[in-house]
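Q: Hey, can you walk me through this one? I'm new to reading structures.

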Amino acid sequence: MECKLCGSTKFRVSRLRVPDFAELIFFEYPVRCRVCYKREFVNIFTAFRIRRADKRRHAEERRRKKMEQANSARPA
Ligand SMILES: [Zn+2]
C-alpha cells in the first residue's frame, strides 16, 4: 500500500478514536503515514500486518539498546 498523499509505503497503526468504530464495522482500521502523517483507513488485516512489523521493530530496538548498555557498562 502507498500513501495517497506522498506515496510513502511506511505506515504505523494509529490510535483508535470513537468515530473510528464506524469504520471498524467495515473492517477498516486507521493507520498513519510515517512521512507526511496523513491518517488513512486500510483493511484491518493490512493494519494488523503493520502492527506486527512495528512490534518486531520495537523488540529489535530494545534488544540493541540493551546490548549497547551492557557493552558500555563493561569495564575496559
Ligand atoms: Zn504520506
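**Chatting through the chain**

A: Sure! Of the 76 residues in the protein chain, 11% are buried. Keep in mind that this is a predicted model.

Q: Okay, so how many helices and strands are there in the protein chain?
A: The chain has two helices and three strands. Going along the sequence, they come in the pattern β-α-β-β-α.

Q: And is the chain spread out or a compact globule?
A: The protein chain is more spread out than a compact globule, because its radius of gyration is 17 Å, well over the 11 Å that the globule rule gives for 76 residues. Along its principal axes, the C-alpha trace spans about 55 × 25 × 20 Å.

Q: What about contacts between residues at least 6 apart in sequence: what share join residues at least 24 apart?
A: That share is 44% in this chain.

Q: Let's switch to the sheet. In which order do the strands sit?
A: The order is β1-β2-β3, in an open sheet with antiparallel pairing. β1 (11-13) and β3 are at the edges with a single partner strand each, so one side of each has no neighbour in the sheet. From one strand to the next, the twist averages 45 degrees.

Q: What holds strands together in general?
A: Strands of a sheet pair through backbone hydrogen bonds, and they can run parallel or antiparallel.

Q: Back to this one: how many bridges do β1 and β2 pair over?
A: Three bridges, in the antiparallel sense. Arg 12 stands opposite Arg 32 in β2.

Q: Which strands does helix α2 touch?
A: Helix α2, residues 44-73, packs on the sheet and touches β1, β2 and β3. The direction of α2 makes about 95 degrees with that of β1.

Q: New topic: backbone angles. What sign does phi usually have?
A: Most residues other than glycine have a negative phi.

Q: So what is phi at Phe 27?
A: Phe 27 has a positive phi of about 60 degrees, although it isn't a glycine. You'll find Phe 27 in the loop between α1 (21-24) and β2 (28-33).

Q: Why does Phe 27 count as partly exposed?
A: Because Phe 27 has 13 C-beta neighbours inside 10 Å, and a residue is partly exposed when its count is between the cut-offs of 12 or fewer for exposed and 20 or more for buried.

Q: And Tyr 37, where is that?
A: Tyr 37 is in the loop between β2 and β3 (39-43). Tyr 37 isn't a glycine either, and its phi is positive at about 65 degrees.

Q: Is Tyr 37 buried or exposed?
A: Tyr 37 is exposed, since 12 other C-beta atoms lie within 10 Å.

Notes: Residues are numbered from 1 along each chain as its sequence is written. This is a predicted model: local features need pLDDT of at least 70, side-chain atom pairs count only at pLDDT 80 or more; totals for chains, interfaces and linings use all residues. Helices (H or I, at least four residues) and strands (E, at least two) are DSSP runs, numbered from the N terminus. The radius of gyration is taken over C-alpha atoms; the globule rule is 2.2 Å times the number of residues to the power 0.38. Two residues are in contact if their C-beta atoms, placed from the backbone, lie within 7 Å. Two strands pair if DSSP finds at least two bridges between them. Axes are lines fitted to C-alpha atoms, for helices over the stretch in contact, and angles run from 0 to 180 degrees between N-to-C directions.
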